[in-house]
Amino acid sequence: MPNEITINDFSPHLFWDVDTDLFELDKYKAFFIQRVLEYGKMKDWNLIKSLYGMKEIKTAALNARSLDAVTLSFVSTLFNIEITEFKCYKHKQLFPNYWNS
């Protein structure tokens, strides 16, 4: 991981609920990647690509417990993987939401 990229390089709205002084990019990378995928700007996307690489982003997306529909469609198309292969899709099928279908 390049030492020059820190959490302070990313958009501040991504981590409003996180103590950025204690946040470790390696330790919480799955959370970090998911947050950038769902709420990040293009600058944030480019930073995680250079920080983790596409393979690590793919792994995090496949194993994320929840992704919104737009993000799920994006990563499915980006990595050319069926939506049904993502953990968040399988989890959503197990626990359907009847009120906001």
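A residue counts as buried when its relative accessible area is under 20%, as exposed when that area is over 50%, and as partly exposed in between. The structure described here is a predicted model, and its protein chain holds 5 helices and 0 strands. By the cut-off just given, Arg35 is buried, because its relative accessible area is 14%, and Arg35 nevertheless takes part in a salt bridge with Asp17. The points below take up the overall build of the chain, its salt bridges, its aromatic pairs, helix α3 and two places at the surface.

**Overall build**

- Read from the N terminus on, the elements of the protein chain follow the order α-α-α-α-α, in keeping with a count of 5 helices and 0 strands.
- The protein chain has 101 residues, of which 34% count as buried.
- Where contacts join residues at least 6 apart in sequence, 48% of them are between residues at least 24 apart.
- The protein chain has an accessible surface of about 7000 Å², and carbon and sulfur atoms account for 54% of that surface.

**Salt bridges**

- Searching the whole structure gives 2 salt bridges.
- In one of them, Arg35 pairs with Asp17, and the closest N and O atoms are 3.0 Å apart; this pair links distant parts of the chain, since Arg35 belongs to helix α1 (residues 29-39) while Asp17 lies in the segment before α1, 18 residues apart.
- The partners in this bridge fall into separate accessibility classes: Arg35 is buried at a relative accessible area of 14%, whereas Asp17, at 41% relative accessibility, counts as partly exposed.
- Another salt bridge is formed by the side chains of Lys29 and Glu56, with 3.7 Å from N to O; here too distant parts of the chain are linked, with Lys29 in helix α1 and Glu56 in helix α3 (residues 54-63), 27 residues apart.
- Lys29 is partly exposed, with a relative accessible area of 28%, and Glu56 likewise counts as partly exposed at 28% relative accessibility.

**Aromatic pairs**

- The structure contains 8 aromatic pairs, and one of these is the stacked pair of Phe15 and Phe32, whose rings lie 5.0 Å apart centre to centre with 5° between the planes.
- Because Phe15 is in the segment before α1 and Phe32 is in helix α1, their pair ties together parts that are 17 residues apart in sequence.
- Both partners are buried: Phe15 has a relative accessibility of 5%, and Phe32 has a relative accessible area of 0%.
- Phe32 also pairs with Phe23, in a tilted arrangement with 5.8 Å centre to centre and 40° between the planes; Phe23, at 12% relative accessibility, counts as buried as well.
- Ring pairs join Phe15, Phe23 and Phe32 with Phe10, Tyr28, Phe31 and Tyr52 into a cluster.

**Helix α3**

- The buried residues of α3 are Ile57, Ala60 and Ala61, and they lie on the same side of the helix, because they cover an arc of only 100° around the axis.
- The cover over these buried residues of α3 includes α1, α2 (42-52) and α4 (69-79).
- Helix α3 is also where Met54 is placed, and Met54 is partly exposed, with a relative accessible area of 33%.
- Glu56, the partner of Lys29 in a salt bridge, is likewise in helix α3.

**Surface and loop**

- Met54 joins Phe74 and Leu78 in a nonpolar patch on the surface, and together these residues have about 240 Å² of accessible area.
- Which side of the cut-offs does Lys41 fall on, buried or exposed? Lys41 sits in the loop between α1 and α2, and Lys41 counts as exposed because its relative accessibility is 52%, where the class begins over 50%.
- Leaving aside residues up to four places away in sequence, Lys41 touches Ser11 and His13.
- Lys41 and Leu14 are 27 residues apart in sequence, and in space they are 9.4 Å apart from C-alpha to C-alpha.

Note on methods
Residues numbered from 1 in each chain as written. Predicted model: local features only at pLDDT ≥ 70, side-chain atom pairs only at ≥ 80, totals over all residues. Heavy atoms only, no water. Salt bridge = Lys/Arg side-chain N within 4 Å of Asp/Glu carboxyl O. Helix = DSSP H or I, 4+ residues; strand = E, 2+ residues; numbered from the N terminus. Buried < 20%, exposed > 50% of the residue type's maximum accessible area, 1.4 Å probe, protein only. Patch = residues over 30% accessible without salt bridge, like charges linked within 9 Å, V, L, I, M, F, W, Y side chains within 5 Å. Areas by Shrake-Rupley, 256 points an atom, 1.4 Å probe, with all protein chains shown as cover. Contact = heavy atoms within 4.5 Å. Arc of directions from axis to C-beta. Phe/Tyr/Trp six-rings, centres within 6.5 Å; stacked < 30°, edge-to-face > 60°.
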